[in-house]
Amino acid sequence: MSDTKNGDGVQGKPDMHDASHTHEIDFGNAGAILFDKDGTLLDFTAMWGFWTDRALDEFRTLLAERGLRIEAQQLSRIWGTQHDEEGRTTDYDRRGPLAMGTVDEMHAVLAWHGYRAGLSWAEAKILVRRSVELADAAMEAVRPAKLLPGVREFLERCRESGVPMGVVTADETASALRHLEWLGITDYFRVVIGTDQAQRGKPFPDLCLLACERLGVPPERVIVIGDTDGDMEMARAAGAALKIGIGEAAALKLADRTVPSFERLLESAVPR
């Protein structure tokens, strides 16, 4: 494929980090497009902030029943979150465990804080499991998933262009499929690859390479779109053609392109 700067393909490297208006991208000329899920397709804070609040509230309640505690000011250090005066999650660190960690890693981090608070490691693991199960049940009941602006329009544009699409996520596959179903976008994707399907999750290339294998497309013809440098490093290690970051350039130093939203990304797409 020809150079991206000419608006003909996806392989060329741009000379500007944030170039959503300067350079057009022919997404229809890509072999495939792979998307991260959380923070890319869906509003991360709306869903995982909800889950985080319930998991941490339950965990702190269980600790209190044993005469132990995690102070409110320590909450942000557990999974990399920001909280308001009432302790509710309002934002998250794109470099932190909540944004980039696997489910098992999240459990381990919380168990460590339980251990530091005075639990045995075994008891900490039991309380973490109970807290997470209750948070999962609450999220299933409320279903706080919310598409980010421009996502559906972008997916529709790509489908009309005939480009295959897939999801590669640090979430587990069954959970990812459930969330995509809540959002009503499951049918856009030919593959959904969760971290449970590969030996190594992000930032290693395994998820991206597995998706490429199942789509029958070489990595060098694939565009990867995500919101963290974990996504970008996965794409780089896999040899992807183009790494597009959704968010601020300062937080996505490994991206070839950064755009603040899918609405802006649509503006950079080559017109049909």
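**Figure 1. Salt bridges in the predicted model.** A salt bridge is taken here as a side-chain nitrogen of Lys or Arg lying within 4 Å of a carboxyl oxygen of Asp or Glu. Under this rule the predicted model contains 17 salt bridges. Side chains of opposite charge can pair when their charged atoms come close.

**Figure 2. Close-up of the salt bridge between Lys202 and Asp36.** The closest N and O atoms of Lys202 and Asp36 are 2.8 Å apart, and the pair joins distant parts of the chain, with the two positions 166 residues apart in numbering. Lys202 belongs to the loop between strand S5 (191-193) and helix H8 (206-215), whereas Asp36 belongs to the loop between strand S1 (32-35) and helix H1 (44-64). Because its relative accessibility is 14%, Lys202 counts as buried, and Asp36, at 7%, counts as buried as well. Asp36 and Lys202 are also linked with Asp231 in a network of salt bridges.

**Figure 3. Close-up of the salt bridge between Glu233 and Arg236 in helix H9.** Both residues lie in helix H9 (residues 229-238), where they are three residues apart, about one turn of the helix. Their closest N and O atoms are separated by 2.8 Å, and Glu233 counts as partly exposed because its relative accessibility is 22%.

**Figure 4. Close-up of the salt bridge between Arg264 and Glu267 in helix H10.** The side chains of Arg264 and Glu267 meet with an N to O distance of 3.9 Å, which falls within the 4 Å cut-off. Helix H10 (residues 262-268) holds both residues, three residues apart, about one turn of the helix. Arg264 is partly exposed, with a relative accessible area of 26%, and Glu267, at 47% relative accessibility, also counts as partly exposed.

Key
Residues are numbered from 1 along each chain as its sequence is written. This is a predicted model: local features need pLDDT of at least 70, side-chain atom pairs count only at pLDDT 80 or more; totals for chains, interfaces and linings use all residues. Side-chain values use heavy atoms; hydrogens and water are left out. Helices (H or I, at least four residues) and strands (E, at least two) are DSSP runs, numbered from the N terminus. Buried means under 20% relative accessible area, exposed over 50%, partly exposed in between (1.4 Å probe, protein chains only).
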